[in-house]
Amino acid sequence: MPIDVPDAVRTALGLLEEDGLDKLTVRRLAGELGVKAPALYWHFSSKRALLDHMTDAIVEPVLDELPEKTTPWLEWLEKAGNALHTALLGHRDGPSIAIGADLSVARSLGEFAERAVEVLHRAGFALADATRAAGVFVHFVLGRAVEDQTRPDEIVEIPFPLMAQGLRDRQAAGATPADDFRYALGVVLAGLNATRPAAP
């Protein structure tokens, strides 16, 4: 029975939603597809390779949501960062499977980073620095998404009084996880803006 890779990836995403990343294996996916595991390893040489294909599928819709290239660079990064964060959180363990992805397979994530490099380069960063800055930006969004998906819904008591009070203050003010992400992303963007070379 021929294996349709996009269909296999959709099935894998369904299994991810059902039982999470820990229970997702190439062997289990093979069983779900009604094929032997060796046949599936021809397309996905390892679980990491499967996760890379899944990352590609998760991030691909984000590319259609990215602002026009003419959008001011900080606004572009803000909108792009929010779109990627939302897409990752739209899947159970989505951020975790994207961490460490091989961009030659997870091409949508690679294209996202490429466009960020282009935007930063057009904003005045030397190309080498634009790649560094884009790395900071993408890795922040990925890492923050992992944290946001794994943090508890309720405030857990912690033995650090200033942090505990600050968390209670944020909760009392009605701050949401999305608000917290936007704040943190703003800090990252302010840092990138501060390091942007002055116009000649």
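Which helix holds both Asp52 and Arg48, and how many residues apart are they? Both lie in helix 4, which covers residues 47-65, and they sit four residues apart, about one turn of the helix. Welcome to this predicted model. The tour below visits its pockets and then its salt bridges.

**The largest pocket**

- The largest pocket has a volume of about 440 Å³.
- Its lining is made up of 17 residues, and those nearest the centre are Arg151, Pro152, Ile155, Leu167 and Asp180.
- Three helices each give at least two residues to this lining: helix 8 (127-150), helix 9 (161-172) and helix 10 (177-195).
- Sorted by class, the lining of the largest pocket holds eight charged, six nonpolar and three polar residues.

**The second largest pocket**

- The second largest pocket encloses about 230 Å³ of space.
- It is lined by 14 residues, with Leu103, Ala113, Gly135, Val138 and His139 closest to its centre.
- Helix 7 (107-122) and helix 8 each contribute at least two residues to the lining of the second largest pocket, and helix 8 gives the most, with six.
- Nine nonpolar residues, four polar ones and one charged residue make up this lining.

**A salt bridge beside the largest pocket's centre**

- Arg151 and Asp180, both among the residues nearest the centre of the largest pocket, form a salt bridge with their closest N and O atoms 3.2 Å apart.
- This pair links distant parts of the chain, 29 residues apart: Arg151 is in the loop between helix 8 and helix 9, while Asp180 belongs to helix 10.
- Arg151 has a relative accessibility of 31% and counts as partly exposed, whereas Asp180, at 13%, counts as buried.

**Salt bridges elsewhere**

- The count of salt bridges comes to 13.
- Within helix 4, Asp52 pairs with Arg48, the closest N and O atoms being 2.9 Å apart.
- Asp52 is buried, with a relative accessible area of 3%, because buried means under 20%.
- Its partner Arg48 is partly exposed at 28% relative accessibility.
- Arg28 and Asp19 meet through their side chains in another salt bridge, at 2.7 Å from N to O.
- Both ends of that bridge are partly exposed: Arg28 has a relative accessible area of 29%, and Asp19 has a relative accessibility of 28%.
- Glu18 comes into the picture here too, as salt bridges with shared partners join Glu18, Asp19 and Arg28 into one network.

Methods:
Residues are numbered from 1 along each chain as its sequence is written. This is a predicted model: local features need pLDDT of at least 70, side-chain atom pairs count only at pLDDT 80 or more; totals for chains, interfaces and linings use all residues. Side-chain values use heavy atoms; hydrogens and water are left out. On a 1 Å grid over the protein atoms alone, a cavity is a set of points where a 1.4 Å probe fits but cannot get out, and a pocket is an open set with protein on both sides within 12 Å along at least five of seven lines; lining residues have an atom within 4 Å of a point. Grid points are joined across faces, edges and corners, and a volume is the space filled by probe spheres set on the points. Ala, Val, Leu, Ile, Met, Phe, Trp, Tyr, Cys and Pro count as nonpolar, Asp, Glu, Lys and Arg as charged, and the others, Gly among them, as polar. A salt bridge is a side-chain nitrogen of Lys or Arg within 4 Å of a carboxyl oxygen of Asp or Glu. Buried means under 20% relative accessible area, exposed over 50%, partly exposed in between (1.4 Å probe, protein chains only).
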